[in-house]
Amino acid sequence: MEKKIKGSAQVVVGGQWGDEGKGRVVDVLAESKDMIVRFQGGNNAGHSLHIDESSIVLHLIPCGIMRENKVCFIGNGVVIDPEVLFAEILLLKSYGIEVSPKNLRISRNAHIILPMHKEIDAWQESSLGRTIGTTKRGIGPCYEDKIARMGILAQELVSLKILKEKIALIAGRRGLQKFELSAENLANQWSRYGDQLKPFLCDVGEAIHEGLTAGKTALFEGAQGTLLDVDHGSYPYVTSSNCVASHAATGSGIGPTMIDDVVLVTKAYCTRVGEGPFFSEMADEEALKFRTRGNEFGATTGRSRRCGWLDLPALAYASRLNGASSVAVTKIDVLAGMGTIQVCTGYRSRNGTVGSFSDAMELTQNGETITPIYQELGEAEPITNSPTQFADFSTTYRKLFEAIEQRSQAPITMVTYGPKRGDEIAFGGGRK
Ligand code: IMP
Ligand code: MG
């Protein structure tokens, strides 16, 4: 029988705690793709793009929207704050980028973030005696309602009656009298978003499948990162969705056999926003240097990102979980002038060396202290040439690339050395 699917699908995911520069990588890879898909998370994400003289941060709409003749999709696995969605559409319009149902399709089954989800998020962060360091965008509480089978689907936003009932149900079950009493008002207000949303809604899985069948190419744009995955991250210091590549299928409505390859994005060092273990975290003074040079401030919340050295066992863990077929290394230019560059090659606990990232995580869960083992790579020189191959990079960078390939067991297919389009090398079929 002839192969039915003529197109191909590529997934881009973060190998760390988010902010690996996925937006930058997606922007490059999207050029040759027809369909760009978000499949999890919501506007907790912040994908920064620097194009020509402009900088733009997208939180919800796939970065592919910045290129012409692409169709962008927001899958069922995403949670949508309609206020943010329509504000983002307006922002894009102000940059001359048209957004319409022609280039943006949204899943009927995506869940809707309500104002009360944001309030609950903020309240949970401040009143439960345990802080995760969330973005307070209502992401967690919206997913809670989804799993509790009382969430509001995008397709339900168009029905005033359902909306009223659902808001009252959520508020009632959560004991939020204030919202229960104002259910009618809120429903009236929000059903207007439903009218605006309606033309964008479709069965996203079916549309992508049709495209792939017809020979079109798809790019799945991950948000957050593997170490924030609700199942595989440093629970409870995680986000509320699955960020790993396999979720590109569940979160968009295609089958796993449709996915052809997975690009794992890693920064040349590590950052983390919010609470939770970070074995290779730097001392304040060193972190400050990286934060300043790498502009390591949250694209969504503006918070200072914690900085650390590249954690190779964590990279190996992320590569395995995602089934990475290749790796993109970002922000290597930040390393120049930072003194001796180090990478974390393993860990120690009071009982000796620790074999893997997952063992180290288990030990920290049980209150043990984990200390990193570092290898020094040497100093990184500024990148002043326009490198076209690995040999064009000086020794420290080449050592870094070798360590990344060795630990991830995947070839590096892209290196970015500046925030602007063009400051990157893409190796089509992997490094030769
Ligand atoms: P939430 O996703 O807002 O619930 O936040 C949970 C954790 O994930 C917090 O530590 C956040 O800082 C982190 N987080 C969520 N989205 C991102 C992101 O896009 N980049 C980096 N960290 C994120
Ligand atoms: Mg980000």
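## A ten-strand sheet and its covered neighbours

Strands S19 and S20 (residues 424-426) run antiparallel and are joined by 3 bridges. Val415 is part of this pairing, with Ile425 as its bridge partner in S20. The model in view is a predicted one, and this pair of strands is a handy place to start reading it.

S19 covers residues 412-416, and 5 of its 5 residues are buried. On another side, S19 is linked to strand S15 (residues 326-330) by 3 bridges, and here the two strands run parallel. Two of the residue pairs can be picked out by eye: Val329 sits opposite Val415 in S19, and Ala328 sits opposite Met414 in S19. So what does S15 itself look like? For a start, S15 is mostly covered, with 5 of its 5 residues buried. Its two faces are both covered: Ser326, Ala328 and Thr330 are buried on one side, and Val327 and Val329 on the other.

Stepping on from S15, the chain of pairings carries on. S15 also pairs with S11, in the parallel sense and over 5 bridges. Within that pairing, Ala328 in S15 is the bridge partner of Val265. Strand S11 (residues 261-267) is in turn joined to strand S1 (residues 8-14) by 5 bridges, again with the strands running parallel. Here Gln10 has Asp261 in S11 as its bridge partner.

Put together, these strands belong to an open sheet of 10 strands with mixed pairing, in the order S9-S7-S5-S2-S10-S1-S11-S15-S19-S20. Which strands sit at the edges? They are strand S9 (201-202) and S20, each of which pairs on one side only.

A few single residues help to fill in the picture. Thr416 lies in strand S19. With a relative accessible area of 2%, Thr416 falls under the 20% cut-off and therefore counts as buried. What does Thr416 touch, once residues up to four places away in sequence are set aside? The list takes in Val329, Thr330, Lys331, Ile332 and Asp333, along with Arg24, Asp423 and Glu424.

Arg24 leads to helix H1, since Arg24 is one of the buried residues of H1. The helix spans residues 22-30, and because 9 of its 9 residues are buried, it is largely enclosed by the rest of the structure. The buried set includes charged-type names as well as others: Lys22, Arg24 and Asp27 are among them, and so are Gly23, Val25, Val26, Val28, Leu29 and Ala30.

Phe393 is another residue worth finding. It is in the loop between strand S18 (371-379) and helix H13 (395-408). Is Phe393 buried or exposed? At 3% relative accessibility, Phe393 counts as buried. Leaving out neighbours within four places in sequence, Phe393 is in contact with Val415 and Ile425, the two bridge partners met at the start. Its other contacts are Ile332, Ile383, Pro387, Arg398 and Phe401. As for Pro382, that residue is 11 places from Phe393 in sequence, with 9.9 Å between their C-alpha atoms.

Gly251 sits in a loop too, the one between helix H9 (247-250) and S11. Its relative accessible area is 0%, so Gly251 is buried. Beyond neighbours within four places in sequence, Gly251 is in contact with Phe39, Gly75, Asn76 and Gly77. Gly276 is 25 residues away from Gly251 in sequence, and in space the two are 26 Å apart, C-alpha to C-alpha.

Now for the whole chain. It has 13 helices and 20 strands. The C-alpha trace spans about 65 × 55 × 50 Å along its principal axes. Why does the chain fit the picture of a compact globule? A compact globule of 432 residues would have a radius of gyration near 22 Å, and this chain has 22 Å, so the two agree.

Of the 432 residues, 56% count as buried. Taking contacts between residues at least 6 apart in sequence, 74% join residues at least 24 apart. The exposed surface comes to about 18,300 Å², with carbon and sulfur atoms supplying 48% of it. As for charges, there are 47 positive and 50 negative ones, and their mean positions are 3 Å apart.

Note on methods. Residues are numbered from 1 along each chain as its sequence is written. Chains are lettered from A and ligands numbered from 1 in the order in which they are written. This is a predicted model: local features need pLDDT of at least 70, side-chain atom pairs count only at pLDDT 80 or more; totals for chains, interfaces and linings use all residues. Side-chain values use heavy atoms; hydrogens and water are left out. The radius of gyration is taken over C-alpha atoms; the globule rule is 2.2 Å times the number of residues to the power 0.38. Buried means under 20% relative accessible area, exposed over 50%, partly exposed in between (1.4 Å probe, protein chains only). Contact means heavy atoms within 4.5 Å. Accessible areas come from the Shrake-Rupley method with a 1.4 Å probe; for residues, only the protein chains shown count as cover. Lys and Arg count as positive and Asp and Glu as negative; His and the chain ends are not counted. The place of a charge is taken as NZ of Lys, CZ of Arg, CG of Asp or CD of Glu. Two strands pair if DSSP finds at least two bridges between them.
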